[in-house]
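Reader: Please take me through this structure by question and answer, with the reasoning set out at each step.

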Amino acid sequence: MGEYVSSVVAPRAIARPRFGAALLLALPLLGLLLFFVHPLLTVLWRSVTDANGAFTLANYGRLLDDPGLPRAALRSLSIGVATTFTTMAFGLCLAMTLHRSRLRGKFLIRGALLLPMLAPSLVLGLGLVCLLGRNGLVHRLTGIPTDIYGFWGLLIANTLYGLPQVVIIVSAALERTPARHYDAAASMGATPWRQFIDVTLPRLRFALLAAAFLVFTETLTDFGSAVVVGGSYRVLAMEIYSEVVGQLDFAMGATLGVVLLAPALLSVWLGRLAKRRQDSGDASPGRALVPEHHPLRDAVLGTVAAIALLPVVAVVGTVAYVSAVKLWPYDRTLTLANYTGGMPDGYGPVATSLGVSLLAAVVGVVMIFALSAGLRRASPRIARPLQVLASLPAAVPGMVLGLGYVLTFNHGALSGWFYGSAAIVAACSLYHYHAQAFLTMQTGMRQVPDALEDAVASFGGDTRHVLRDAVLPFAMPAAISTFFYLFMRSLVTLSGVIFLVTPGLGLASVAVMRLDENGFLAQAAAYAMCVVVAGALALGAMRLLLHVLKDRRHVA
Amino acid sequence: MHVYRQIGSVLALLAACGSVRAGDLTVYSALESDEIAIYLAAAKKALPDIDVHVLRLSSGDLAARLLAESAEPRNDAIWGMAVTDMLDPRIAALLTPVHGSNIDRMPASFRGSDSTWFAPTGYLAALCVNRDALAERGLPMPHTWRDLTSPMYRGQIAMPDPASSGTGYMVLSSLSDAGRNAEGMRLVTDIARNVGQETLSGSAPCKLARIGEFPIGISFAFSAMQSIRQGYPVTMVIPADGAGYELEGSAMMKSASHVAEARRFLDWTASADAAALYRGFKEIVATPGSEPTDEQLRQGLPAHLVATLPARDFATAARERAALIARFKQLTR
């Protein structure tokens, strides 16, 4: 059936406006080449050259010498697979709860999901230690011996980190579903479970695979949580850190970076799937779906959502609690002193970070919208490599990218104004999280009905009209999610930008790391809570602005 | 065309004003932010015409940054960075000799023979032991490195990874005499077998110990003294069977654009005034005439520490780092 549909659809592609699509693709492609491929190649070049710049494969040979590496690779793989399964299961349930249940208080779920995105990742790890560590809150309150160091700690930390991302992408596919299919299925006597299997899941195929790809590759490259709760369970990402920062062996760090790029090839499949049309939007959307009354479903989804979100809220709650006590965990008298004293950097970096994040989000959402819209119309020969390129950043550890930025932009044409500016930090954050933002946008754009797009085009609309009248209305929810996603991630990212801060340019996430490094746990927690609150206020303000703009447009 | 050139030259001039204003000094440092704030306030009083802009990174991050920027260094000087990191041949090549009345008075073992570096301060390997956590598990107080190899401490020790932390490497390199002492090497690997959590940074084990996650953290003395000062149930143990220490070196960059200012500032960091401030944060202060404070003595710091430190060949330790770490990995993983 699927093959039949695509063969019918294919000839139509010839009539589509190609020139506009090429224009749409040019700028995002230039951005990717300049701010992602270029720095990445600069680093990776070091994996195949020796100290004198001559070609060598010796670094790859050294991979086999180190007895720790194969084991670390195996561990990375198992933690990656385990994290992907748990995160996908919980993420799908949460997204279904948000879009396919009648549960009240969904804003609570949305709010709870924002927490792990607004809290600097280092802080999530610290919260986990203070909650579930050997001397954590749970142990002190109940006496149960708890020990998170190792596999389970990593699994929990990575799941917390990946959960919001899965919900965002799956939600982008669940948004604006017409009721017709469900009505039809119900009238043929399909049970709600069959409706889920036969109607909902096929529509989610791309979103689920994209989300799984992201969670898997990110778990492999992220070392933020591995550092804090990994225990003696060493994974590949930690080996990269120890090669680059501990032993100043950039070549070996780059070599491991190449190894970690391998899973990104999975995104080739995503590209193939993206080209298939059977789960794209409907020609005439019709009445929007309103979930019917079904108490059992709501009860089950609600319970799973509670189980998934309890650790999220508990971890961030623990950080808030640590920030407000005198001497964790020995003197738990409440105090606000940690918020007012002992912060050599002051709160200036929070403002800088907000500005940088806004820049990354605004530029990012425009570029990624153009890229996703352009790819809808591009021929497979262009679309497939671009699809891989746009998804590749997920497989690049932030530290490798940050190092690439220094090696590339420290000298050369752009170094004068770009190096050491807020723009370079914004660029690094944007391209570090490019894959996640891109795949969310792409999922959302699959909701755009092809027929509507064709209709606008056949009435003489050029690319601009097609975008405005057909693509934008359907892709809007995904575009908004992408914007907020980029904003939040840029606000708290650490691994790449740590190489880009200068004496005059302090960032909030770096300030938190310094406080923690200097041994001020409570102040670090307090600073992190300020970042969470500032981020939440900024989100609220932007949502309000969006609301006002939307109302205005309706009036006019 | 002419107009463009004029605009260009005005822009260049503006850029020049922004970056090369006389008296603006850019310094990279691995000292902690809170101590930097205190030192800088005093430096401003002593050298009112110099504005010091400090970028603070951990020693490893700083080394990586210096190396990545080495084609076009952005800083005038380095202030307080682990000497074994700084003497990596690729970073040492970026330095130039620096002299000054205070710098030249530093004891010979705290100064490079070629005058490219000097170290007014340093830190000492120490154990942070959480008395509460130790008692909860019914374990005795360790006093030596040898004690830590006992099977009863299995999984109870947090230790910095020698491959990623200067403190970790300091312990490995000091105890094994840069790998030359086979028995010392065995001692370190035996300790590594008992480790429950390897950390990236040298202060992290102490921070885990102070909140009771692991009863014993292998760290450095300042971290332990800070824990005691903040009120945690922590005892500082300086192992009796071998002192591991690291120096915090300062240096001038070959590429410095403010040579005179950088020299004056660096010389101030070696002054007696600065040494008095270091005592609030440092266990090893090499500036002649500086003695441990009463608080430091009370917390368990030996009185004649600087004079009793064994000589360390930092250049060799830096050069042979990769080989020694590779050997350690082979033995422990």
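Author: A residue counts as buried if 20 or more other C-beta atoms lie within 10 Å of its own, and as exposed if 12 or fewer do. The model discussed here is predicted.

Reader: Which residues are buried in helix 8 of chain B?

Author: Helix 8 of chain B covers residues 182-193 and spans 17 Å from its first C-alpha to its last, close to the expected 16 Å. By the criterion just given, its buried residues are Gly184(B), Leu187(B), Val188(B), Ile191(B) and Ala192(B).

Reader: Why do the buried residues of helix 8 of chain B line one face of the helix?

Author: An α-helix has 3.6 residues a turn, so positions three or four places apart point the same way. On the opposite side from the buried face, helix 8 of chain B carries the exposed residues Ala182(B) and Glu183(B). The buried residues line one face because, seen down the axis of helix 8 of chain B, they fall within an arc of 135°.

Reader: Against which elements do the buried residues of helix 8 of chain B pack?

Author: The partners belong to chain B, whose secondary structure comes to 16 helices and eleven strands. The buried residues of helix 8 pack against strand 6 (157-160), helix 7 (166-175), strand 7 (195-199) and helix 16 (321-332) of chain B.

Reader: Which element gives the largest share of the side of chain A that touches chain B?

Author: In the interface, 43 residues of chain A are in contact with 50 residues of chain B. Elements giving two or more residues to the chain A side are helix 12, helix 19 and helix 25 of chain A. The largest share, five residues, comes from helix 12 of chain A.

Note on methods: Residues numbered from 1 in each chain as written. Chains lettered and ligands numbered in written order. Predicted model: local features only at pLDDT ≥ 70, side-chain atom pairs only at ≥ 80, totals over all residues. Helix = DSSP H or I, 4+ residues; strand = E, 2+ residues; numbered from the N terminus. Expected span 1.5 Å × (residues − 1). Arc of directions from axis to C-beta. Contact = placed C-beta atoms within 7 Å.
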